[in-house]
Amino acid sequence: MKSFCVIGLGRFGSSVVLSLVKNGHEVVAIDTDAKKIDDYKDIATHVMIADATDERVLKNVEIDKFDGVVVAIGKNVQASILTTMIVIEAGAKNVVAKATTDVQIKVLTKIGADKIIQPEKDAGERVADNLAHPDISEYLDLSDDYSFAKIIVKNSKFNGLTLFQANLTQDYHVNVAFVKKADGSASIGRHNTKIVLDDVLYVVGTKADIEKFSEII
Ligand code: ADP
């Protein structure tokens, strides 16, 4: 079990709180809005009606002691930036900040937020990726160039081949890290791992290579 502080209970922040609690973590939720705090008083471990731009508030909750802090204030750009700055200055670890504009991203990056989320933009990009490449069901960006993706085997040409025989790294520049079968069994990708139709492959490679690979597999 880990402990997290979520500042701002808008659509994004409240969804973060619910997921953390569901996964068994401790969550302290802070918002200026008494109604929002009331809605979450039985869900979060601890709630506070407070203005996070007031340094004393974050000092009192010992913001540096949490495993992660989410600044989920989006629309009020000034409060988002100020809060993130105070949180970082107080020595908090794993600071995730929500942004709504590109300028806000720039400033939050400069301040030193560990991760910046633009929920609508990120979701939009995922939908666009999925529309263009419906065979790739999930993407996880590993760096600017590299991704990890989930792809289903649909081409009978590969049915029954081992990863060694399929020669995917040589021919398509992707690495199969993990294979999940329709019956629920799974294994890491070894040279003798057999792939069959409808297997789910977890693949590492550049985004471009993964997209090409998804069209032939
Ligand atoms: P979303 O788009 O995810 O709904 P919003 O920006 O609309 O995000 O919501 C942000 C939340 O943060 C609101 O509930 C608001 O009351 C809260 N909030 C805004 N400023 C502060 C602040 N200074 N301290 C604490 N909470 C704040």
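This report walks through the domains, sheets, helix packing and ligand shell of a predicted model.

## Ground rules

The model is predicted, so local features need pLDDT of at least 70 and side-chain atom pairs count only at pLDDT 80 or more, while totals for chains, interfaces and linings use all residues. Residue numbers start from 1 along each chain, following the sequence as written.

## Two domains

The domain assignment splits the chain into domain 1 (3–117) and domain 2 (131–216); such bounds come from an automatic or database domain assignment. Taken over C-alpha atoms, the centres of domain 1 and domain 2 sit 37 Å apart.

## The parallel sheet

Let's start with the six-stranded sheet. This sheet is open, runs in the order S3-S2-S1-S4-S5-S6 and has parallel pairing. Strands here are DSSP runs (E, at least two residues) and helices likewise (H or I, at least four), numbered from the N terminus; two strands pair if DSSP finds at least two bridges between them. At the edges you'll find strand S3 (46–49) and strand S6 (115–117), each pairing on one side only. On average, neighbouring strands of this sheet are turned by 15 degrees against each other, direction ignored.

For a closer look, take strand S4 (residues 68–71) and strand S5 (residues 95–98), which run parallel and are joined by three bridges. Valine 69 has valine 95 in S5 as its bridge partner.

## Helices H4 and H5

H4 and helix H5 (residues 102–111) pack with their axes 10 Å apart, at an angle of about 10 degrees. Axes are lines fitted to C-alpha atoms, for helices over the stretch in contact, and angles run from 0 to 180 degrees between N-to-C directions. H4 and H5 are therefore roughly parallel to each other, a label for angles under 35 degrees (over 145 is roughly antiparallel, 65 to 115 roughly perpendicular, and the rest oblique).

On the H4 side the contact uses Val77, Ser80, Ile81, Thr84, Met85 and Ile88, and these meet Gln104, Val107, Leu108 and Ile111 in H5. Contact means C-beta atoms, placed from the backbone, within 7 Å. By class, the contact of H4 with H5 has seven nonpolar residues, three polar and no charged ones. In this scheme Ala, Val, Leu, Ile, Met, Phe, Trp, Tyr, Cys and Pro are nonpolar, Asp, Glu, Lys and Arg are charged, and the others, Gly among them, are polar.

## The antiparallel sheet

The five-stranded sheet is open too, with the order S7-S8-S13-S10-S11 and antiparallel pairing. Strand S7 (136–141) and strand S11 (186–188) are at the edges with a single partner strand each, so one side of each has no neighbour in the sheet. Here neighbouring strands are turned by 20 degrees against each other on average, direction ignored. Helix H9 (residues 207–216) packs on the sheet and touches S7, strand S8 (146–152) and strand S13 (200–206), its direction making about 140 degrees with that of S13.

Strand S10 (residues 175–180) has three bridges to S11 and five to S13, antiparallel in this pairing. Phenylalanine 178 stands opposite isoleucine 188 in S11 and opposite tyrosine 202 in S13. Lysine 180 faces alanine 186 in S11. The hairpin of S10 and S11 has five residues between the strands, and glycine 184 takes a positive phi near 95 degrees there.

## Around the ligand

Of the 22 residues around the ligand, Gly8, Gly10, Phe12, Ala52 and Gly74 come nearest; being near means a C-beta atom, placed from the backbone, within 6 Å. The shell divides into eight nonpolar, eight polar and six charged residues. Helix H1 (11–22), strand S2 (26–31) and helix H4 (77–89) each supply at least two of them, and H1 gives the most, with three.

Key. Two residues are in contact if their C-beta atoms, placed from the backbone, lie within 7 Å.
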